[in-house]
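Here is a short tour of one protein model, starting with its empty spaces and moving on to the way its helices pack. Have the structure open as you read.

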Amino acid sequence: MKLTRLVAFAFVSFFCYGIVNWMMSTSHFHLQAKIISLPEMWQGLLIALVLYFVGILAVYLNRMLGFYVLGIVILIYSLGLVNALMSGYQSTAGMEIKLLLEVIGAIGLGINFYTLVLLTRWRHKTN
């Protein structure tokens, strides 16, 4: 198993989180009661991108520490996806928008889970 596969899944995880974050923050979909401004959305995405990069960089520099850093980052953003799924389900948005959010969120959670499995396997091989 190559390290590039792990990094690719981490980037796909970030991409799924970015789509869900954008859907939750835009006012056109009516997925949240509180409207999030565009600068707040970009700030949240930038913080997520930096955390993912720090986790990936830590994996390349110090493998044992990197596994835990990237695992914690993925776990934190998995909780964000779960929160978005619950908020979207309880929203007043149309059924198509809710379904799209639920599908993207479920795919993101699946990818996050698989990335954590890859992290665990890789850690056991290098340990």
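Searching the whole structure turns up one cavity of 30 Å³ or more. Please keep in mind throughout that this is a predicted model.

**The cavity**

The largest cavity holds about 40 Å³ of space. Its lining is made up of Met24, Ser25, Thr26, Ser27, Leu31, Gln32, Lys34, Ile35 and Ile36. Sorted by class, these lining residues are four nonpolar, four polar and one charged.

**The pocket**

Now for the open space. The largest pocket encloses about 250 Å³. It is lined by 14 residues, and those closest to its centre are Tyr17, Asn21, Met24, Gln32 and Ile36. Two or more lining residues come from each of H1, helix H2 (38-61) and H3. Which element gives the largest share of this lining? That is H1, with five residues. By class, the pocket lining has six nonpolar, seven polar and one charged residues.

Met24, Gln32 and Ile36 are worth finding on screen: they are among the residues lining the cavity, and they are also listed among those closest to the centre of the pocket.

**How the helices pack**

Two packed helices are described by the angle between their axes and the distance between the axes. Here are those values for two pairs.

| Helix pair | Angle between axes | Distance between axes |
|---|---|---|
| H1 (residues 3-25) and H3 (residues 63-89) | about 30° | 10 Å |
| H3 and H4 (residues 95-126) | roughly 165° | within 9 Å |

Take H1 and H3, with their angle of about 30°. Angles under 35 degrees count as roughly parallel, so H1 is roughly parallel to H3. Their crossing is left-handed. On the H1 side, the contact is made by Leu3, Ala10, Tyr17, Val20 and Met24, which meet Arg63, Leu70, Tyr77, Leu81, Ala84, Ser87 and Gly88 of H3. The residues of this contact of H1 with H3 fall into nine nonpolar, two polar and one charged. Tyr17 and Met24 take part in this contact, and both also appear among the residues closest to the centre of the largest pocket.

What about H3 and H4, whose axes cross at roughly 165°? Angles over 145 degrees count as roughly antiparallel, and H3 and H4 are therefore roughly antiparallel to each other. The crossing of H3 with H4 is left-handed. Their contact contains 17 nonpolar, eight polar and four charged residues.

Terms used: Residues numbered from 1 in each chain as written. Predicted model: local features only at pLDDT ≥ 70, side-chain atom pairs only at ≥ 80, totals over all residues. Heavy atoms only, no water. Axes fitted to C-alpha atoms, helices over the stretch in contact; angles between N-to-C directions. Helix = DSSP H or I, 4+ residues; strand = E, 2+ residues; numbered from the N terminus. Parallel < 35°, antiparallel > 145°, perpendicular 65-115°, else oblique. Left-handed = near helix turned anticlockwise from the far one by under 90°. Contact = heavy atoms within 4.5 Å. Nonpolar A, V, L, I, M, F, W, Y, C, P; charged D, E, K, R; others polar. 1 Å grid on protein atoms, 1.4 Å probe; cavity = no way out; pocket = protein on both sides within 12 Å on 5 of 7 lines; lining within 4 Å. Points joined across faces, edges and corners; volume = space filled by probe spheres on them.
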